[in-house]
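Trainee: Got a minute to walk through this structure with me?
Mentor: Sure, pull it up and ask away.

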Amino acid sequence: MKDKLKNILEKIKGVWNRFSRKQKRWLIFLSSAAVIIIIAVSVLTSIPHYAPLYSHLSASETGQIKETLDSKGIKYKLSDNGTTISVPKDQVDNLKVELAADGIPKTGDIDYSVFSNNTSFGMTDKQFDVMEREAMETELSNLISQIKGVNSAKVMINMPKSSEWVSDKPQKASASVVLHLEPGYQLNDEQVQGLYHLVSKSVPNLPEDNIVIMDQFFNYYDKKSSDSSSALSAYQQQREIKNDIEKDIREQVQQMLGMMMGSEKVMVNVTADVDFTKERTKEDLIKPVDPNSLDGVQVSAEHITETYSGKGAVGKAGTGSNDVPTYQASSDGNGNYKLEEERINNEFNRIHNTIVKAPYTIKDMGIQVMVEPPDPNNPASLPGQRIDDIKQILNTVVRTTLADQGGQELNPSDIDQKTMVAVEKFNGKIPDQKQKSNGFPWWLYMIIGIITTVMIILLIWLFRRRRNDKDEDVIDLEEYTIPAENLESNQTRDKPEVQKYKQLQVMAKEKPDEFVKLLRTWLSED
């Protein structure tokens, strides 16, 4: 047995000696790397990865789950001051189903399921009222807990006692809500309004004014009236419209003057006075069809003629130009009576207009421009003609932007007062807000630099390693000296070429492997 083992070791040693130094190093390196990888993988796979089973638990709920897991022999971890319990990741789903089937965790709260479970048992009215109120509080707490940012909620409802007397005014309930919010989370106005509405509609006869909401830090959330919220919303809209108007005009003027003077040589400021007064008017107009003759369209015409001759004819009072108005015709004797009347009905254009003005009107506007001259220290280096051109551009923008004031067109002097051009040296440069850097971000340059440095280091290391390997492969011929018995008897010194040849002969006989490496090195150099 020992001889077999010795033979095996000798064979292994012989195989190992056949490898060169470089091959031996690579075998050691690869074997070590494989062993390290196998150990690391086995360690990582053996470590259990935990995932949360339940979070935001109370102390009693955590105790129930812990006791159940201990009985099942399942490993677990507690975190967040005992409010979160974690188990191996591959067992989370199964444990949730098993614990839910066992009714764990039991919160101790009463929900609406208690009525279906106890329908066969009798209970008094007072007990029923208490259970109904607690069930209502539990369900309402569960609803509020579903809101984003709310970990849990506690609701307390005060129901009014029923009166035996008939009253026109029903008794009103009240409610208190305590929220446990996530760290750093703030409820917005819409969420607060939604909470008030949810609680009010969930409890009978509970007005929103009888609800109090606070968080765990004793911050109260008051219900805001719709008037104030609508007023604030209108103010924000008006402010945004005003800022948009000023921004659009400022960018247009900045771009135009920047092409003329340079973007860093011009600074533009625009102020606008916007009227947000809403106005709605109605007009009922009647206009003739023909504006020249002022006539309408003839719809109907009626011509009446009456004549009478004989005794008792009564004439009309004189109304002509030659008649006496106070003269009354006599009703005695014979006479003649004649009446002619023509009735024409005309229809005119009837126009009904409902005029709603625009949501806003620009009443006034001012543009101020600062220009830096070509020579910052010499304001006179900017020609006066250039200043006049800038002034004319600003006046044109104001004239085309402003609406007519009361139907009267603005005169040039009024427009000229709304613009101003100042020529001064800029002591500080304000970057153009519209210009965006088209280059790469700084972190990308840093990553490229790190990668380049690592590649250079690797190239230097590979180059030096290759050079060291070549140096190791090169065999020093001086180590192979000719034995004394091989020297010639005359002890005469041969030429260097002859000595080198003899050394090669000795090395080829004693160490053929190294002799082959030397030849290979010479061939690669040639």
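Mentor: Let's go from the overall picture to cores, surface and charged pairs.

Trainee: What kind of model is this, and what is its mean pLDDT?
Mentor: This is a predicted model. The mean pLDDT of the protein chain is 76, and 75% of its residues reach 70 or more.

Trainee: Where does the pLDDT drop below 50?
Mentor: One stretch is residues 431-439, where pLDDT is below 50 and the model has 3 contacts beyond near neighbours in sequence. Residues 484-492 also stay under 50, and for them the model has 3 contacts beyond four places in sequence.

Trainee: OK, basics. How many helices and strands are there?
Mentor: The protein chain has 13 helices and 13 strands.

Trainee: And how much of the chain is buried?
Mentor: Of the 526 residues, 20% count as buried. The chain exposes about 39800 Å², with carbon and sulfur atoms supplying 54% of that.

Trainee: What share of the contacts comes from residues 24 or more positions apart?
Mentor: Taking contacts in the protein chain with a separation of 6 or more, 69% of them are between residues 24 or more positions apart.

Trainee: Let's do the inside. Which residues touch the most other members in the largest nonpolar core?
Mentor: That core has 25 residues, and the ones touching the most other members are Ile-249, Val-253, Leu-257, Val-268, Met-365, Ile-367 and Val-369. Two or more residues come from each of α8 (226-261), β7 (266-275), β12 (361-371) and α9 (384-401).

Trainee: Pick one for me. What does Leu-257 touch?
Mentor: Not counting residues up to four places away in sequence, Leu-257 touches Gly-262, Val-266, Val-268, Val-369, Ile-390 and Ile-393.

Trainee: What lies apart from that core?
Mentor: Another core of 22 residues lies apart from it, and its members include Ile-144, Val-150, Ile-157 and Leu-195. As a rule, nonpolar side chains in soluble globular proteins tend to be buried together.

Trainee: Back to α8. Is Gln-252 buried or exposed?
Mentor: Gln-252 sits in helix α8, and it counts as exposed because its relative accessibility is 55%, with the cut-off for exposed being over 50%. Its C-alpha is 9.8 Å from that of Val-268, a residue 16 positions away in sequence.

Trainee: And Thr-68, buried or exposed?
Mentor: Thr-68 counts as buried, because its relative accessibility is 12% and buried means under 20%. You'll find Thr-68 in helix α3 (residues 59-72). Leaving aside neighbours within four places in sequence, Thr-68 is in contact with Leu-99 and Ile-104.

Trainee: Switching to the surface. Which residues form the nonpolar patch?
Mentor: Val-15, Trp-16, Phe-19, Leu-27 and Ile-28 form it, with about 400 Å² of accessible area together. Both α1 (2-18) and α2 (21-46) supply at least two residues each.

Trainee: Where does Phe-19 lie?
Mentor: Phe-19 is in the loop between α1 and α2. Its relative accessibility is 31%, so Phe-19 counts as partly exposed.

Trainee: Now the charged stuff. How many salt bridges does the count come to?
Mentor: The count comes to 10 salt bridges. In general, side chains of opposite charge can pair when their charged atoms come close.

Trainee: What does Lys-242 pair with?
Mentor: Lys-242 forms a salt bridge with Glu-246, and their closest N and O atoms are 2.7 Å apart. The two are 4 residues apart in helix α8, so about one helical turn separates them.

Trainee: Which of those two is buried, and which is partly exposed?
Mentor: Glu-246 is buried, at 10% relative accessible area, whereas Lys-242 is partly exposed at 30%.

Trainee: And what does Glu-347 form a salt bridge with?
Mentor: Its partner is Arg-350, with the closest N and O atoms 3.2 Å apart. Glu-347 is partly exposed at 38% relative accessible area, while Arg-350 is exposed at 52%.

Trainee: Which pair links distant parts of the chain?
Mentor: Try Asp-364 and Lys-418, whose side chains meet in a salt bridge at 2.7 Å, N to O. Asp-364 is in strand β12 and Lys-418 is in the loop between α10 (412-416) and β13 (419-423), 54 residues apart. Asp-364 counts as partly exposed, at 30% relative accessibility.

Trainee: Last one: which residues are joined into one network by salt bridges?
Mentor: Glu-302, Glu-341 and Arg-343 are joined into one network by salt bridges that share partners.

Notes
Residues numbered from 1 in each chain as written. Predicted model: local features only at pLDDT ≥ 70, side-chain atom pairs only at ≥ 80, totals over all residues. Heavy atoms only, no water. Patch = residues over 30% accessible without salt bridge, like charges linked within 9 Å, V, L, I, M, F, W, Y side chains within 5 Å. Areas by Shrake-Rupley, 256 points an atom, 1.4 Å probe, with all protein chains shown as cover. Salt bridge = Lys/Arg side-chain N within 4 Å of Asp/Glu carboxyl O. Buried < 20%, exposed > 50% of the residue type's maximum accessible area, 1.4 Å probe, protein only. Contact = heavy atoms within 4.5 Å. pLDDT = per-residue confidence, 0-100. Core = buried A, V, L, I, M, F, W, Y, C linked by side-chain atoms within 4.5 Å.
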